[in-house]
Structures are given as structure tokens and as C-alpha cells.
Amino acid sequence: MSARSPAPADFYVAEPARGIRRFVRPRKPRTKNHAHAADPKSADTNETPAAQKQPPPLPAGGERGTESARSLRRFRTPAHRATSNVVAGAYPFLAEAGLGSDGVYVGQDAWSGGAFCFDPWVLYQHGVLTNPNCVLAGVVGKGKSCLAKSLATRSIALGRRVYVPGDPKGEWTAVAQAVGGASIQLGGSTSHRLNPLDAGVRDHRLSDQQWTSEVSKRRRVLIGSLAASTLGRPLLPVEHTALDMALAQATLARVPTLPIVVDAVLSPDKSMPGATVAQLARDGRDMGHALRRLVAGDLAGLFDAETSVTFDPSLPMLTLDLSRITGSDQLMAMIMTCASAWMEAALADPDAGARWVIYDEAWRLMRQPALLARMQSQWKLSRGLGIANLLVIHRLSDLDAVGDTGSEARALARGLLGDCSTKIVYQQEVSESANTATQLGLTTAERTMLPDLLTGEGLWRVGTRAFVVRHTATPDELRVFDTDQRMRA
Ligand SMILES: Nc1ncnc2c1ncn2[C@@H]1O[C@H](COP(=O)(O)OP(=O)(O)O)[C@@H](O)[C@H]1O
Ligand SMILES: [Mg+2]
């Protein structure tokens, strides 16, 4: 045995009479030279005088004995073992493994401290998501747009494209310019026009005949939904017939435009089986006057001539700047309806790759059932078209502000939420937390944190999994994305 490692038995001696063991000072190590060992002043000892004065260390469990205030045996609990599924149920944020490193870097997972990456297409392929659509809800100024812009611009590096079919604040224009995209500006002092009868981008897979029939179908649906928006009700069967006749008449013109359709509805020149010219004029009267609002009434100036802007779907980012359209959410929704008709043609291209379609400030855009119906069809077709829709709203109850209770519009808006596999919740008012938690099926732990989330922090529900993520924005991004300049000025 080495002189420096006394056996544990050296610390204790048994006192058989009292039945306990007492702690005693350890004996000096034995050396061969007993004379030297017995003499404390001897220079032969290795220990310094300071070390000699040190009391011996206590055992980790403390001194044993009746007055030691310790239990006879050490307290030991068996290790608890459970699968990560069970532990995740007991406390949902504990040790989440993350979504992997594929896709764009979003920021930091607040619980694990690891990097958080997100890509709806990759996650769909891995079976984590059942669809690529996302909804992002949060109070004003907490970084929703900032996150949407980061997701969009960082995705461009991975070869995705981005469409923003309605930007009521015009805050995406600078972003589009920064990434080499374009922004279409409408309204105000700009003289730009959108012709709702535009044929749109041709699908190269269709024959001439198929293309002609596709264009006439698109026109009928688009003008029908514009008329229904201005009328505030669905079209009657006789109105559909009057519209069909008017569109056939307008298509004879070199470039069919809305004023030609309005003239043809109000003064038809041909009868048809089942309707005389006079009957067609009477049946189409309401609809004709409703459409006239877009040509000569209060909504005039945007839809009444040939299109003067170009829509290039091959650009990395394309936005529709509606910041100059003042006052009328209805007009804004109608412009978006026309723009989404163009966009749909571009989206239908099977070679166009994966694209984000971002509806920022969507609560303003969702008042029109016609637009909602178009959005819903894009939501449903998202997987087939390779698009991921991102809906940005303030609170989930925004969807209940659409239409009347039990109305078709309300059902459409609710359906959009149901078709979003990814739900990102930024800070919510305390009064809104309970509703949000119920609608998203959040746990109590998740719900209590909603009012306390900081700017850029969000609770991500990705399929059935939950994360708290701090979005990291770079200084360059913040310079382009900033929406607070005017507040700071
Ligand atoms: N992740 C972030 N890091 C730092 N600042 C941020 C972050 N997200 C947002 N901000 C700041 O907050 C401001 C408001 O963000 P914004 O995205 O416009 O809010 P919202 O769209 O929710 O109203 C931005 O101008 C930016 O300066
Ligand atoms: Mg915003």
C-alpha cells in the first residue's frame, strides 16, 4: 500500500461496547525507519507543517454517528426512466430533438439552445407535416413581418421563389428590390392598370384549342367573382348567362377589356336560345351596373384599360404594392383577385419549382368571399403546385371576423387555418391566449407563455411538435426589413 493512500478503515474505529464506529484522526503512515517516524521534527517526513495542521477531510456523506443529523442510510432514489414521448407529454419543451438542419436557419431554439431550421417542403417529404401551409399570428410590432421576410429571402438562396400577392403597407417593396425581384405598384398617382381579361402566362403544355378554352373559362370565373364582389351576393343563373354572352361579344375585340364587357352586358346585340335581347339586357342590368363601378364609378382607374405592368414569374420575388390604395378594403381585395388570377397561371407551371406565397396583413384582405374562395383553392392545391402559403394575421379570432356566423366566408376562413400544418404564434394579448390555446390545442405550459413572448420570439407548432424559437435577424436584414423608422424619427 502506498504511504499517500490510507485505507478508509483508517478513519474509523469500532467501539464494540456502544455498537457504533467513531471517526478518528488517521494514523501516520508507517515507514521503515521507526526512529524518524517517531520524531516529528525529523527532516525525513514529506509533509509540510501547514499540511500537518489540516484536519482530515470529512467523507462526502458527513460524519456518521448519533448526533450527525443524518439518516442511518443515505437517501437514494431510483433513476426514473421513460421514453422521450412520455417525458415530452409531462413537460413538452424538455429536450426536443429539433427538426434537423435542412432548410433555412430561422434562429435559436429557446429551450435546447440549438439552431432551429425550417423548410416546409423538406418537412413534408419527411412526413413531419401533412401540408406546407403556415399561419403566423401575433400582436402588432412583435416581428411577424420580419420573420416572414427572413423566411422568404433566406429561401431564395435555396432556389425558392416568393410571391406576395397583396402588400397593403408597401413594406415588401424594398425587400423585393434588395433580392433582385420586382414590385408592381398600383393606385395613387401611378397610372398602372390591371386588365382582368388578360390571358395571363400561357401554359406551354396546352394546345391552341385547349389554351383558348382555358382562357375563356378563367375570364368567366374572374369577371363573375368581381361582379359578385361588387354586388355583394352570388350571381343568379340568368346573370351568368348574360355574362357569358357579353364575354363572347367582348372577345371579338383585339384586346378585350372590362369597359367592352360592361357595354355588352348593358346593351347586348344578340339573342340566344331561351333569352331574347331585351331579356338579356334586363337580366344583366344589376350586374352591368355593379361592374360599371369598376370602370366609371368610385372604383374606377385600375381595371378599365389594357394591362400596363408586367408580371414576370421568373423573378426571385414579386410583390403587389397596394399601399397607395386608400380607404377601400373591397377595392384592395378585388385587385388581389385579379392579381391572383395572373399568379395562378404562373403557379400552375409544373417546372416553376417551390414557391412561397405570402399574405402579409391578411386580416385586411380576407373580407371578400371571392378572394377567400381563390385562396382556399390555392391552399388545397398547394402540394400539387409546390407552393407554401403563409398567412399573417394578428389573432386567430381575425378569422371569425370574416362574414356572418355560419356564412360561407366564415367557413372558408376557418378552413384556411385547418389546412395549415405549421402554426406560429407570436405574443398574444392575455384575453386572446385562451382562445388561441383552444384553437391550436396548446398545452397549459404553452398557453401561459403566449402573453410573455418577446419581439421575435414565437411558439411554433410544427405538425404535432412544439418549439419556442427566437428569430435571429442579421443587421443587414433589419436595415431592409425595418418598419419602425417612422416611429423612431
Ligand atoms: N428577430 C428580431 N430581431 C430584432 N428586431 C426585430 C426582430 N423582429 C422584429 N424586430 C424589430 O421589430 C420591428 C417590428 O417588426 P415587424 O416585423 O414589422 O412587426 P409586425 O409585423 O409583427 O407588426 C422591426 O422593425 C424590427 O426593428
Ligand atoms: Mg407586419
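When I say a residue is near a molecule, I mean that its C-beta atom, placed from the backbone, lies within 6 Å of it. Hello everyone, and please keep in mind that this is a predicted model.

Let's start at ligand 1. Around ligand 1 there are 16 residues, and those that come nearest are Gly-143, Lys-144, Ser-145, Cys-146 and Gly-456. Which helix supplies the largest share of that shell? That would be helix H5, residues 144-156, with three residues. If you sort the shell by character, you get eight polar residues, four nonpolar and four charged.

Now to strand S8, residues 317-321. Five of its five residues are buried, so to speak of S8 as mostly covered is fair, given that a residue is buried if 20 or more other C-beta atoms lie within 10 Å of its own. In a regular strand, side chains alternate between the two faces of the sheet. Here, Leu-318 and Leu-320 point one way from S8, while Met-317, Thr-319 and Asp-321 point the other way, and all are buried.

Who are the partners of S8? Strand S6, residues 161-167, runs parallel to S8 and is joined to it by four bridges. Strand S7, residues 182-185, is also parallel to S8, with four bridges joining the two. Thr-319 is a handy residue to click on: Val-164 stands opposite Thr-319, and Thr-319 is the bridge partner of Ser-183 as well.

Next, the largest nonpolar core, which has 105 residues. The members touching the most other members are Val-261, Leu-291, Ile-335 and Leu-390. Helix H12, residues 329-347, gives the most to this core, eleven residues. At least three residues come from each of domain 2 (100-182 + 340-488) and domain 3 (193-308).

Let's zoom in on Leu-390. Apart from neighbours within four places in sequence, what is Leu-390 in contact with? The list is Cys-134, Leu-136, Ala-148, Trp-356, Ile-358 and Tyr-359.

My last stop is Met-245, which you will find in helix H8, residues 237-250. Why does Met-245 count as buried? Because Met-245 has 22 C-beta neighbours inside 10 Å, and the cut-off is 20 or more. Leaving out residues up to four places away in sequence, Met-245 touches Pro-268, Lys-270, Met-272 and Leu-280. Met-272 sits 27 residues from Met-245 along the chain, and their C-alpha atoms are separated by 8.4 Å.

That's my tour, thanks for listening!

Notes: Residues are numbered from 1 along each chain as its sequence is written. Chains are lettered from A and ligands numbered from 1 in the order in which they are written. This is a predicted model: local features need pLDDT of at least 70, side-chain atom pairs count only at pLDDT 80 or more; totals for chains, interfaces and linings use all residues. A nonpolar core is a set of buried Ala, Val, Leu, Ile, Met, Phe, Trp, Tyr and Cys residues joined through C-beta atoms within 7 Å. A residue is buried if 20 or more other C-beta atoms lie within 10 Å of its own, exposed if 12 or fewer, and partly exposed in between; C-beta atoms are placed from the backbone. Domain bounds come from an automatic or database domain assignment. Two residues are in contact if their C-beta atoms, placed from the backbone, lie within 7 Å. Ala, Val, Leu, Ile, Met, Phe, Trp, Tyr, Cys and Pro count as nonpolar, Asp, Glu, Lys and Arg as charged, and the others, Gly among them, as polar. Two strands pair if DSSP finds at least two bridges between them.
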